[in-house]
Amino acid sequence: MPPLLTVSDLTTTFPSDGRRVPVVDHVSFTIERGEVFALVGESGCGKSMSALSLLRLVPKPGRIDAGSIVLEGRDVLALSVNEMRAVRGFDIAMIFQEPMTSLNPVVPCGAQVVEAIRLHEKVTKAAARERTVALFKRVGIPDPEQRFDAYPHQLSGGLKQRVMIAMALSTHPKLLIADEPTTALDVTIQAQILELLRDLRRDLGMTIILITHDLGVVSELADRVAVMYAGRIVETGRTRDVIDAPLHPYTRGLVRSIPARAPRGVRLHEIAGVVPPPTEWPDGCRFANRCPAVLAYCAERVPPVETRERDHQVWCHAVTAGLLP
Amino acid sequence: MLAYVLRRLLYGVVTVLGVLLFLFILFFSVASPDNMARRAVGEKASPKVIENWKKEHGYDRPLWPWQDPKSNLLFDHFRKALTFEFGKSDADSAPIVERLKAGAGPSLTLTVPLFVLGVLIGVPLSLFVAFFRNTYIDRMGLVLCVVAMSVSILLYIVGAQFLIGKLLKWFPISGFDRSIAVIARFVAMPIVVGLAAELGAEIRLYRTVFVEETSRDYVRTARAKGCGEARVMGRHVLRNALIPVLTNVVIQIPFLFTGALLLESFFGIPGLGSVTVDAIQGNDFSTLRTMVYIGALLFVVAQILTDVSYALVDPRVRLE
Amino acid sequence: MSAHAKPVATQASPLLQVEGLSTWFPIKKGVFRKTVGHVRAVDGVDLTIEAGKTLALVGESGCGKTTVGRSILRLIPARAGRVLFEGTDLLALARDELHPYRRKLQIVFQDPMASLNPRLRVREIVSEGMRSFGIGASDAERGERVAALLERVKLDPRHMTRYPHEFSGGQRQRICIARALAVEPELLICDEAVSALDVSIQAQILNLLRDIQQELGLAYLFITHDLGVVRYLADRVAVMYLGRVVEHGDTEALMAAPQHPYTQALLAAVPTIDPTGARRVVPVLGDVPSPANPPAGCHFHTRCPKVFDRCRAETPPLYPVAHGDSRCFLSDPAR
Amino acid sequence: MTPVARRWTSALGTLAIGALASFSATCTNNPYPAADQGRKVLYTAFEEAPKTLDPQVSYTTVEHAFTGNIFDTPLEYHFLKRPYTLIPGMAKSIPVAEHLPDGKIRYRIEFLPELIYADDPCFELGGAGRKTRPMVAKDLEFAYMRVADPKVVSPFVDPMSNVLGFKEFIERLEARRKSDPSFVTKPAHEQYAAVGPIEGIVVVDDATLDLVLDHPYPQILYWLAFPFSTPVPWEAVAYYNGKDGHPLIQDHPVSTGPYTITHYDKQARIVLEVNKNWYGYRHPEWKLPATVYPSEGEPGDAEMGRLDAAYVGKPLPFVERLEYRREKEDIPRFNKFLQGYYDASGIVKESFDKVIANGQLTPEMAELGIRLEKTIEPAFYYLGFNMMDKTVGHGGGEKARLLRQAMSLCVDTKEWLRLFLNGRGVPAEYMIPSSIFGYEASYQNPYRKVDLDKARAVLVEAGYPGGIDPATGKPLRLTFDTGDTTVDGILRNQFFVDEWRQIGLDIRIDATNYNQFQEKLKKGAHQVYFWGWSADYPDPENFLFLLDTAQGRVKFGGPNDMNYSNPEYDRLFELMKARDNDDERMRLIRELRAITEHDAPMIDLMFNEAYSLRHQWVKNVKPFGMSTPMTKYRDVEPEIRDATRLAWNHPVMWPAYTLAILGIAVTVPGIVTFLRERQ
């Protein structure tokens, strides 16, 4: 069976000073049915833009310049506007970071889910309502009948995110993209939502692309992970492989700088410098100017892929050259 | 909500009472009844005539309650205003109510189309430019708007009278006629001028609202669930954007009744705006007082109406 | 609230001692906007911070931790309680008497962009407080100090003529820290100071704060929701829930063996990258109740997995436990 | 094009075409309905809404334009003759003063037969179904009683007080009203009847009314030509009381005159139509002076086409309807005149140079068929000295008199007129204008010819050599008081100050607001000032009384703002006032003039000259100078007017089409590109 989704050389650019600057740069990955694939990276690394590219929702004036997105054999980038509309929400559903603002504030929550159903399926309002209430129950919203008519502002952040998840699930999508689904929530609520996603995956065999900056969330939920830095994937592999034995200097730095893991009284590991803006990204390895293991040619040459056991891939000159274990 | 409206009404009453007191000080204390009488009957008039005039208009009593606790102008002023007994014009002794009635029609024939067209043209046009945001249509529209709103209404009036009335001869330069057959040609130019003067600012405001609204997260959600662009604009963006738009519209409604001061005056439309301007020019203090008082009342009403309409259209707003 | 004595304050006199701090926000209703109730944002909080030490105040949104910080600084008027700074009750001081203490207590907020005046240059931002407290004899001298401070927070002193928007988020937070340090405070309140930053940047700022503390002997009140940060940075920790401190004590001991069910839930909820494998903690259910209408008795009883009847009726006092105190009947030594 | 783009374009196109079509359908700048074409209608603009058309209250020029057409009066003015000449109106003849044996003077007004009011619902009060009724002498008595009624607030109490028993009637009425509250609720005519007649107003029979005076007051004849002397039916006052949905009489006058009001929206439009009950209309065969076009005028009238054979002796009125539209702003009004929508107009300041060059119409205007009429109005402007002032007034004695004369010698009226009034005005040598008895073209005031050397010499004589006040050693300092604070006003007055500076005087302008200036005049706190007087009636008395002691402003509240007082002047003035226009009167006027010339209490400045424009299709126009409208003599040629209007007012439509096409041309490609790019 072919993978559910194959993304190859996806490149999304934004205009700046008369040229088009890539914010997603030749990103490639495949997703198998039923797996949770995480895109992890710091803000501005292009992970959210990659997700929006999958739905062809890149905000103007950005646009997808190159690459292909193949969903079950169909090239998403070749679809017409109307066909694409049918894919969105039906084949690929998405939930967003900010449940507070991602729901239309003047439309009752239930109606928003009903709209999502009726956009793609010919069902009566009553049937859609029934389905929505059932979905609400499924995602753990207490008093689903009552909550159906509630406006978003009347719900807590956690409940809103559950409504978002219900909306995303309403048409049984093949793929769910969860863009920082728990970042804006309190820890206890975050745990509840993560638990819900885990349940959904277990019960429905849901395929999920999880976009997050939190390696903890990745570790709890994802089967495979791709680490992005400055528009490119720098390392990918099984979650445990990548987190427990990171190869790329950036991944290593990231893992070591998590304070919760650091013993008290010891200085935290730091990655020097900051992520440069897309206009100042180096030509070669994007991490070259912050890398502790930088080589003379890192900044000029794009690193080749180095594949280790269990498809653990890394793009780093130093690793390829055997200079890093 | 009820409590809120009641409280706002209470503030409104206080505001109106304040306005009344201010009016009293201005029109009775600063400008004394003697001044008013002389203005009305002329400098040549004998003291006897002035006394008679004052008596006729009820200005022949002491001003303050401490001068005469029973019969004084202050209490009178408040009693009459609060019972909507506007009395007689100082200029020609005609009942002010009659003047208001006579002026309401012409004012409304001007302000209502102006208001309705303003909304009917302003909202779709702004939606139009917002839809084409960041294209040259949008930029051109914005430039036009800024130009339109930067020009003084007086320039519009004089310019339209010269260009449309004098050179192109499309409509009468000014004037008014109550007969249905010809009324349209008189209000056409003032409406065009009024629209030109107000649309620039309105379209710009509405466009900003629409554009801001289109960049909201819920719009992205709507798109992600498969809404087409028309549906996104019509169902999601419009419904949210209508909240500020609606309040901007609602606040104008009460002022339809006060007429358009400059337009009426320059185009010779005998509406309530003209009544006000005439009262100013003709030393018609009682009419002017009435117009200011009515203006203050309408202002208070407009404020409350706006808040209530806000609460009605936006489920997030609860008036406490 | 509680008459329970503090075993913590027995050593040398602490730098800051907060006793029974309460900050309520009125709820107004009706035609005449009568106050019909209060949101008890902070309800009888006791805290102690030793000089040169770090106290972390942890809790989820709406628990009142931010209000505590602002009430200490009198940015929000407190309803009751005492804030003793080196023995002086800040809440009892007149406005002008407070001025010198403003210098000794500084705050760094979560959103550096919002707390930096976008129209001022970095030099002006950092030297503003110095001027107001008469630090530095001349502009030139203050300029030198600004340069030194920027260097201290690892910013290029040559950038002092730039405006805030020319810096990245982490750099802006460094500017905020430099501004706070400029007036030589004794206590720095960090209100979610690193929460908005990326992990790699967060590590940089945390290291910086640590270095500064070691160098200058500053005390920190570290307000955060991130238990990872707490674990790394704080000497002591106070966990808040709906306006009250529910558990309080030495960080390491508390984290190792939390006594209050809320603390336990909070710690369990934090996603971790460590391979604990089939870690399946059943997360605590439901949402945080509204602080305007908190549950009776123990505020946590609606979500507590170990709830019993007494929790619903009575408010538990702080019971002494091994690492500090816990506001839970389960910690009652009498049990 | 994509289907969406096509939908957009076609929708826009339909909208644009629809808008343009409906636009061009309503497109006309004609402010009048098409039905009015070819009718004898006169179109006039009015700026200010009339305050009141109550004949006993109405006083202003604005109102006179209407009241003059709707109210008939016992006497009228001759349309063409100057000096102003009275002719009989409702009266059979001009009353003459009859000296009664008891020393009283009687004017007997004998009315024409069959004078009927215009149809009006108010006459139902006199009997069901009644639409009108004949006018009777009692109606004029009623009108004068209304003047006396303090409730009416009539400005004509003073002139009518010359009538015997008038003041007593007022007192009786007031006393009765005060003593009996129920009395006030009765209709006015019942109240007046109860209080009893005015001694000097005697209703002899239905067609005869006597006015009895105990002193000579020939000016009363002029008042008989004033609208307040129109008879008023009691029914009108009782009916139009502002109750039961009836308007007030001030907005609904009931008249006998040649026109009657058929539409009264005083803020916008007033329409007068021929009163078919008017005696001139019903009896064209009577050929009375006031009902036919005159056959004689003054020299020049024939040349100006005012004695056209087509009109002479023809029954009045010629125009069937008078349309008055309110125009508050000068420029639109003038533009509408230029479009042919008003038949006559004044000249707006902004276009003066475009219209007039060297006192004549510009060729451009003349080519349009526009005619210019000039009239010198009986409005006299002067620079006054407050005679109560110790430096310039009576107190200063001979010194002050010489100072006044010296100052008079400096003021160059012609230059002032040229600079500030576009030359519209004639310099005044004395108070009486050319259109009024007492004017002598040969008279030249020796102190009104600019002569600075003489002025300096007189100043030396006055004791101010070189303008230096010996008391201070500095130039004599005087104050020029004015209530005009506008820039124009200050410049106008600065001109005088500069003239006086030439002989060394230091005059400072004290400009306050109008009210404060009035206060100064009232208290006599002014020194030198600029002021004017507009005549109410064309009698020299109405000008010369400006220096009568009894008219002193400070003491008696009269119009003698100079507070000039000279017993000899007063004596001669009284004699002059009491006389009809004869040689003796002329002699008295010369004597008064000599006194004024010697005392120089004022510097005679000018008489206002009014310029008015009319279109070629308006006939029989002779500006009257005073406010009486004289519309019944006027005629229009609607055919010429309609043709001219049509030629002048073709709507220019191409800019609208161009604009629409441009709009579509600019937006459609953008829309198409946008939609294509979205794919």
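**View 1. Where chain B meets chain D.** Here 49 residues of chain B are in contact (heavy atoms within 4.5 Å) with 59 residues of chain D. Of the five pairs of chains in contact, chains B and D share the most contacts. This is a predicted model, in which local features need pLDDT of at least 70 and side-chain atom pairs count only at pLDDT 80 or more, while totals for chains, interfaces and linings use all residues. Residues are numbered from 1 along each chain as its sequence is written, chains are lettered from A and ligands numbered from 1 in the order in which they are written, and side-chain values use heavy atoms, with hydrogens and water left out.

How much area is buried between chain B and chain D? About 4,700 Å², with carbon and sulfur atoms giving 55% of it. Buried area here is the accessible area (1.4 Å probe) that two parts lose on being put together, summed over both.

**View 2. Salt bridges and polar contacts between B and D.** Four salt bridges are counted between chain B and chain D; each is a side-chain nitrogen of Lys or Arg within 4 Å of a carboxyl oxygen of Asp or Glu. In one of them, Asp265(D) pairs with Arg178(B), and the closest N and O atoms are 2.7 Å apart. There are also 16 residue pairs in polar contact between the two chains, both residues at pLDDT 80 or more. A polar contact is a pair of N or O atoms within 3.5 Å; within protein, one must be able to donate a hydrogen and the other to accept it, and residues adjacent in sequence count only if both atoms are side-chain atoms.

Elements giving two or more residues to chain B's side include α5 (96-131) and α8 (180-214). The largest share, five residues, comes from α3(B). Helices (H or I, at least four residues) and strands (E, at least two) are DSSP runs, numbered from the N terminus.

**View 3. Chain A against chain B.** On this interface, 26 residues of chain A are in contact with 19 residues of chain B. Together the two chains bury about 2,000 Å², 60% of it on carbon and sulfur atoms. On the chain A side, Pro105(A), Val106(A) and Glu115(A) lose the most area to chain B, together 27% of what that side buries.

Two salt bridges cross this interface. Glu115(A) forms one with Lys225(B), where the closest N and O atoms are 3.0 Å apart. Among the elements giving two or more residues to the chain A side are β6 (92-95) and α4 (109-120), and α4(A) gives the most, with five residues.

**View 4. The first helix of chain B.** Helix α1 covers residues 2-30 of chain B, 29 residues in all. From first C-alpha to last, α1(B) reaches 40 Å, close to the 42 Å expected at 1.5 Å a residue (1.5 Å times one less than the number of residues). Buried residues (under 20% relative accessible area, 1.4 Å probe, protein chains only) of α1(B) include Tyr4(B), Gly12(B), Leu20(B) and Phe28(B). The buried residues of α1(B) pack against α2 (33-41), α4 (73-82) and α13 (285-313) of chain B.

**View 5. A closer look at Thr260(D).** Thr260(D) lies in strand β8 (residues 259-265) of chain D. Is Thr260(D) buried or exposed? Thr260(D) counts as buried, because its relative accessibility is 17%. Apart from neighbours within four places in sequence, its contacts include Ile70(D), Ala118(D) and Val274(D).

Note on methods: Buried < 20%, exposed > 50% of the residue type's maximum accessible area, 1.4 Å probe, protein only.
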